[in-house]
Structure formats: structure tokens, C-alpha cells
Amino acid sequence: MRYPPTLLIIATKKLTAECCGYPISIFFIVVNEFCERFSYYGMRAVLVLYFRYFLLWDDDLATSIYHAFVALCYLTPILGAIIADSWLGKFKTIIYLSIVYAIGQVTMAISTIHDITDANRDGTPDNFTFHIALSMLGLILIALGTGGIKPCVAAFGGDQFQEHQSRQLNTFFSVFYLCINAGSLLSTLITPVLRVVFIAGSGMYVKTDPEGNIMWSVCKCIGFAIKNRFRHRSSSYPKREHWMDWANEKYDKLLIAQIKMVLKVLFLYIPLPMFWTLFDQKGSRWTLQATTMSGDFGAFILQPDQMQTVNPILILTLVPIMDRLIFPLIQKCGLNFSPLKRMTVGMLFAAMAFVSAALVQIEIDKTLPNFPSSSESQLKVVNTYSTTLNVTISPNEHLLIESFGVQLHTSKHTYSTISYVKSKPREGKNAIRRDFVLRHGEQWCEFSRKFGFGASYTFLIPSTVFSDDCESITEVEDMKPNSVHMALQIPQYFLITTGEVMFSVTGLQFSYSQAPKNMKSVLQAGWLCTNAVGNIIVLIVAELGKLPKQWAEYLLFASLLVAVSIIFSIMAYFYTYIDPAEIEAQVRKEQGLEPEEMEKETLEMEEKDEDQKNEQGVKQTKI
Ligand SMILES: C[C@H](N)C(=O)N[C@@H](CCCCN)C(=O)O
């Protein structure tokens, strides 16, 4: 039976309630995204410091595991897309994987309770293996949950729009991005509970049925094309326009056309991971950089991990400014600022952000003391006498330093430890004033001191301390407080966020608009995969590169991104934008079939093929 096209749309798309031209169901989807990101970023913001100061890993291991986790979060979207497209559909995939996600968050939260294994109550866990295992399990479940639902949510949001709402569809992706960032601003573990909002909208969604195992069909079709091309490699066979046309003998023209569209975009994605390589270091290297800076803003003290909130705050202001002011203005000037051009400029902004981070790092390095290398020791001797004392250490004698210090005893005083510090103290917490109470039996005295960020002090406490109300305590500054202010990181955050608006928001829209209808989640998963690869690159460069200076590593990343953006701009120059719906309609027209019949026929062909294979147990080809 043939339907006029307009009737067909009504038959396949549920009529959705609208508000200001937008489907109402969109509200539930963006609120859901807000909550999900709220949960994800809340946990991620403190992750590197959790590794560093709870599990006591060093900077490099903490950075590597952090990026391995982020990479996993952006690899699992492939799994989510497969589950959604071939089995559960997007709606159910989002619900079920959200449950896995919530279990992961709870597991992760439990792993941070040191009391569980702190039998001697000294404030440190006794069994690190238990905490590491539990937190790794939690992180794997979170990665599965967050990554699995990610390609579904964006594509599911896009599915809610009807043909006449293409303008609203574009705005949707900007609002979607705003919600991501509003969510990442306010973060807590309550979020998995709040996610019931998504289920509340259940009755209003356009829920498309799973399209069959589209990913599997795509792989089979590509595999067949390659095999068939190889079989006909002799020059006696006429060439075909595209190598995918070698699948023509067995696969439906529509599927081949759709695969061509997806491959074209995926090819263009090859250089993109480099952007994420830089972008995601906000949460690792930049946060560790902030721990060596001062967060004293006068009215408030900013913790190093809180510095990351500058990014979503800037997004909330920059997205509307770009969307409503900058991009229309550029258009008015007659300049064609196409999506791919925007993405290239976004990359250059990210590279500039890393140059800025390198400059800040050079400033920080100037203020750092000279720490002893692994073959050297450092001994600081404090003289509490009013006269000069000479300390001579014979070069031929070994000086034994036990643990973190030595105690010097004189007939007059017992001094506290002599410091032996190998790195700047950077617990990730900044405090400026601390009160101490010294007790000895019934005697006690109370004193209060102001500390600088990242400083290290030694207190000399004479035995007479209780009779003079702590007055005789002498403070020695072993290491100067951090003097470079965290505000200096703002330019790098501004540059990377401007880059993000141009690159990431545009990329999200581009991935949706260039994907055929039944492959929207697949292409979203492909887009998210660029993120995973980006994080894997950080692991490789950070491990292999091992540059002695952090600023040099920042400059290396900036240069790599500039080189990659040049390659991307060349690739983008040769890319022609497509309207997948138009191409699909054209192929259908060529075949003289209406959409539904065509898709049904493809599925039937696939099923029949499978059945025959199962019955006969032999591989069949239809050439
Ligand atoms: C919070 C950040 N500004 C953001 O919007 N992140 C997006 C894109 C993330 C891709 C790189 N990790 C998100 O979806 O969380």
C-alpha cells in the first residue's frame, strides 16, 4: 500500500504536545540531562584528589587512572547505542543503565569511607586494596551507566522533534548543552534519585522501536563490501564509484547509502580526539596545578577542585552570547562560519588555553623551592639561640635521617622535628587559620596561627610553654606559601571554554544532523568515542613524553593541537554537507518504494538470510 508522504509522517510519528513550538517531552529530557551531569561531574571533580590524597597515588598515576576512567566513559556509548538500537530502544536503555549508574555511585561513595577498614581509628584506611577494588568497581559501573545512556539521550531528544521544528531542534542542542553545564555546576550524589524526572515524562515521549541490530548490519555490510572488492580485484572488473558499492550484490541500496554517510562523518572525526586530549586535562593537570596556587579570594577561599566550576559558569554565559550575538553577527558580516570552521577555530582556542597554562606554570615554578632529587637529601637545622651557630657535616661521614626528620636535644630545649620535605604540601584543601590546643596532663595552652596555601611550618615548643600561655612557641616557615593566585587560571579556562562552545556544541549538532535516521545513536556514539581516544592520548603522551617540566608538556599539547587543527581544516574543506533525509528519499525513489515498505523489506531480507544460514549451517552469498 502507498501513502501520501504527509500521511506517512503522521502514521509513524506520535503527535506530541507542544509549548512555544517545542515538544513538551523535551523538558523531561533536559532536566534528566541536568541531573545526570550533576552526578557525573560532582564525582569527577574530586576524583583526581581522591586518588592523590585518599589512595595516596602519585600525580602521574592519579592523572593516568583519571583519564583511563574518562576514556572508558566515552567508549561505553558504543555499547549503549547497540543495546538501544538492537534490543531495548532508547527509552528503556536510559532507564536500565541509569540504575547501573546509581549502583556505581553508591559503590564509589562507600569506597571513600575510610572507617570501614580503619580498625585502629588513626584516620587512615588499613586495607588499601579493599578501597581500590571497590572504587574501581564503582568507576566501571559509573562508566557503563553514564556512557551507555549518553548517545541515547541526545539522539532521543532529537527524535522528539517533528519535521517542521528544525529551527527548534538546533536550539535544543544549545539548551541541552546549557543543562549539561548547569548540572556540572551543582553536584551531589542525590542526582541518581532525582533522575525519576525522566520516567515522569514517559507518556509524552516519541519512543521509536529498536531498529534491529543496526550496528551489526553495518559491520556485516562493510565486511561484505571489503570481501567482495577483494574477490574482484582483477582489472577486468569495472571500477565502482565508491568502495561500499561492492556490497550492492547482497545489501539494500538504502543501507549502503546510509553507511556511506556515516563513514564520511567518521572519517572526518579522526583528528578530533586531540581536542579532548587538551580539554579533559582541566580535571587532572589543571586541578593539580591549582593545588600549587593560592585560592584566597578575600571574601572566600576557593579549593583547587572548585576551580573547575569556572568552565560551566562560563558555558552558561558564553553559549547564549555565541548563539544570539557572535554567530549572527559573523553571519551578518557575510562570513560563512560553517560548523566545521567553528570546530577548527574551537581547536585553536584550546591550543591557546594550553599556552596560557604553560605561562602560568612558568610563574608557579619560579616560586617553588629547589627540592632534592632522588639521590639527594635535605636537612634543615633551626637555630633558636640568639648567636650564630656553625653546623659542619663531615663529607666522609654518613648522615642518617630516619623517617621524616630528626630530633635535636640540647640541655635547655627539646625542639620539635627538623623538617625534611620533598614536595609542596598540597592536600587539595586550603585553610588559612588553625587553632591548636597543647595538653600535658592537667596543663594546657591554646594558640592560633595563620597559614599560607601550600606552606610548610615547624613549631618549636619549649618545655616552659604551659606557664607562659603558649607565648614562647616559635614558628619557622620551612616552605613559603603559594604566591601565584588561582585567578591566573581564569584566562586558560576562558580560552578552553570558548573553544568548547565552538567545538563541542557544534559537534553535537553536526553529529545529529549528518546522521541517517536509524543511525543517530551510532553517530552520537562515534562522536563520544573521539573523547575516549582523546583521553587515551593523554595517557600515552603523559607516560611516554615524561617531560621534566610541566610547562613544556603544556606547550607540547598546544603544538600538537595546532598541527591537528590544520589537518582537520583541510579535511573539512573537502567535506560536503548533506541532508540525510533527502538522500534517503532519493534512494527510495530510485527503488520505487515508499519508506516503510523499503525498511520492512531490508529487515525481512536480513532475517531470511539469518534463518537460511541457521538452517543449512553454511554461509550463503547472493552474488
Ligand atoms: C562541563 C563541560 N563543559 C561539558 O559541557 N561537557 C560535555 C561534553 C563533554 C565532552 C568531554 N568530556 C558533557 O557532555 O559533559
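**Helix α11 and its aromatic surroundings**

F279 is buried in this predicted model, its relative accessible area being 5%, which falls below the 20% under which a residue is called buried. F279 shares helix α11 with F275, and the two residues are four positions apart, a spacing of about one turn of the helix. F275 is likewise buried, with a relative accessible area of 0%.

The structure as a whole holds 32 aromatic pairs. Between F275 and F279 the ring centres are 5.8 Å apart and the planes meet at 20 degrees, so this pair is stacked, given that planes under 30 degrees apart are counted in that way. The ring of F279 also has a charged neighbour, since the charged end of K282 sits over that ring at 4.1 Å from its centre.

Following the chain beyond helix α11, which spans residues 273-279, one enters the loop that leads to α12 (285-290), and it is in this loop that S284 is found. S284 counts as buried because its relative accessibility is 0%. Leaving aside residues up to four places away in sequence, S284 touches V48, T63, Y66 and H67.

Elsewhere in the model, ring pairs join Y22, F161, F172, F173, F176 and Y512 into a cluster. A further lysine, K264, has its charged end placed over the ring of Y575, at 4.7 Å from the centre of that ring.

Terms used: Residues are numbered from 1 along each chain as its sequence is written. This is a predicted model: local features need pLDDT of at least 70, side-chain atom pairs count only at pLDDT 80 or more; totals for chains, interfaces and linings use all residues. Side-chain values use heavy atoms; hydrogens and water are left out. Buried means under 20% relative accessible area, exposed over 50%, partly exposed in between (1.4 Å probe, protein chains only). Contact means heavy atoms within 4.5 Å. Rings of Phe, Tyr and Trp (its six-membered ring) pair if their centres lie within 6.5 Å; planes under 30 degrees apart count as stacked, over 60 as edge-to-face and the rest as tilted. A charge sits over a ring if NZ of Lys or CZ of Arg is within 6 Å of the ring centre and within 35 degrees of the ring normal.
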